[in-house]
Amino acid sequence: MTKREFLRTRRHKARYQPRFELLEDRCVPAALLTVNSTLDTNARDTVLTLREAILVNNRALAVVSLTLDEQAQVSGAPTDVDTDTINFNLGAGTPLIAVPTALPTITDPVMIDGATGGATRVHLRGPGFSPF
């Protein structure tokens with residue numbers, strides 16, 4: 001490179017003014033929690049129960065405290081700025097979840113979809129639920 005070419009390149013770079021470009025709003029996607037057990041437990045094991053999914057949605061149970069198998073059933077991060085979804089992967093038919101004690105109160109918006117994972121719907125039986 002000649003001295004003249006060098007100076008021309010240097011002058012060109014000196015005239016360049018960087019600009020900021022506005023980007024669209026960024027949002028964290030809502031969490032998707034998949035219940036894969038009809039048990040009613042809150043234990044660190046290999047399945048995510050409805051009780052645990054509600055606690056995770058409410059942010060009363062941290063995703064990082066779950067086992068790796070349970071964490072695999074959680075996609076995204078539950079936050080208070082969106083509506084999370086609880087799906088079920090319990091096989092075909094109409095699975096029954098027996099709930100001997102009341103489920104946690106839902107304190108954060110959530111959509112519960114019982115017609116997922118092969119099931120036509122999910123039945124809950126226990127205190128506070130009307131018979132079916």
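Start with the whole chain: of the 132 residues in the protein, 31% are buried, where buried means under 20% relative accessible area, exposed means over 50% and partly exposed lies in between (1.4 Å probe, protein chains only). You are looking at a predicted model, in which local features need pLDDT of at least 70 and side-chain atom pairs count only at pLDDT 80 or more, while totals for chains, interfaces and linings use all residues. Residues are numbered from 1 along each chain as its sequence is written, and side-chain values use heavy atoms, with hydrogens and water left out.

**Cartoon view**

Switch to cartoon and you should find three helices and six strands, in the order α-β-α-α-β-β-β-β-β along the sequence. Helices (H or I, at least four residues) and strands (E, at least two) are DSSP runs, numbered from the N terminus. As for contacts (heavy atoms within 4.5 Å), take those with a separation of 6 or more: 70% of them link residues 24 or more positions apart. Turn on the surface and the accessible area is about 9000 Å², with 57% of it belonging to carbon and sulfur atoms; these areas come from the Shrake-Rupley method with a 1.4 Å probe, and for residues only the protein chains shown count as cover.

**The sheet**

Now select the open sheet of four strands, ordered β2-β1-β3-β5 with mixed pairing. The edges are β2 (74-75) and β5 (110-113), each with a single partner strand, so one side of each has no neighbour in the sheet. Two strands count as paired if DSSP finds at least two bridges between them. Zoom in on β1 (residues 32-35) and β3 (residues 84-88): they run parallel and are joined by four bridges. Pick Leu33 and look across to its bridge partner in β3, Ile86.

**The core**

Keep Leu33 and Ile86 selected and add Leu50, Phe88 and Ile97: these have the most contacts inside the largest nonpolar core, which has 18 residues. Such a core is a set of buried Ala, Val, Leu, Ile, Met, Phe, Trp, Tyr and Cys residues joined through side-chain atoms within 4.5 Å. Two or more residues come from each of β1, α2 (50-57) and β3, and α2 provides the largest share, five residues.

Center on Phe88 next. Leaving aside neighbours within four places in sequence, its contacts include Val35, Leu50, Ile97, Ile112 and Val122.

**Helix α2**

Select α2 itself. Eight of its eight residues are buried, and Arg51, Glu52 and Asn57 are among them. Around the helix, its buried residues pack against β1, α3 (68-71), β3, β4 (96-98), β5 and β6 (123-125). Just after α2, check Arg59, whose phi is positive, near 65°.

**Asp40 in its loop**

Is Asp40 buried or exposed? Go to the loop between β1 and α2, where this residue sits: Asp40 has a relative accessible area of 18%, so it counts as buried. Show side chains and you can pick out a polar contact between Asp40 and Arg51 at 2.8 Å (a pair of N or O atoms within 3.5 Å; within protein, one must be able to donate a hydrogen and the other to accept it, and residues adjacent in sequence count only if both atoms are side-chain atoms). Beyond four places in sequence, Asp40 also contacts Ala98, Val99, Pro100, Thr101 and Leu103, among others.

**Last stop: Ile112**

Finish in strand β5 with Ile112, which is partly exposed at 42% relative accessibility. Not counting residues up to four places away, Ile112 touches Ile86, Phe88 and Ile106. Then draw a distance to Ile54, 58 residues apart along the chain: the C-alpha atoms are separated by 9.7 Å.
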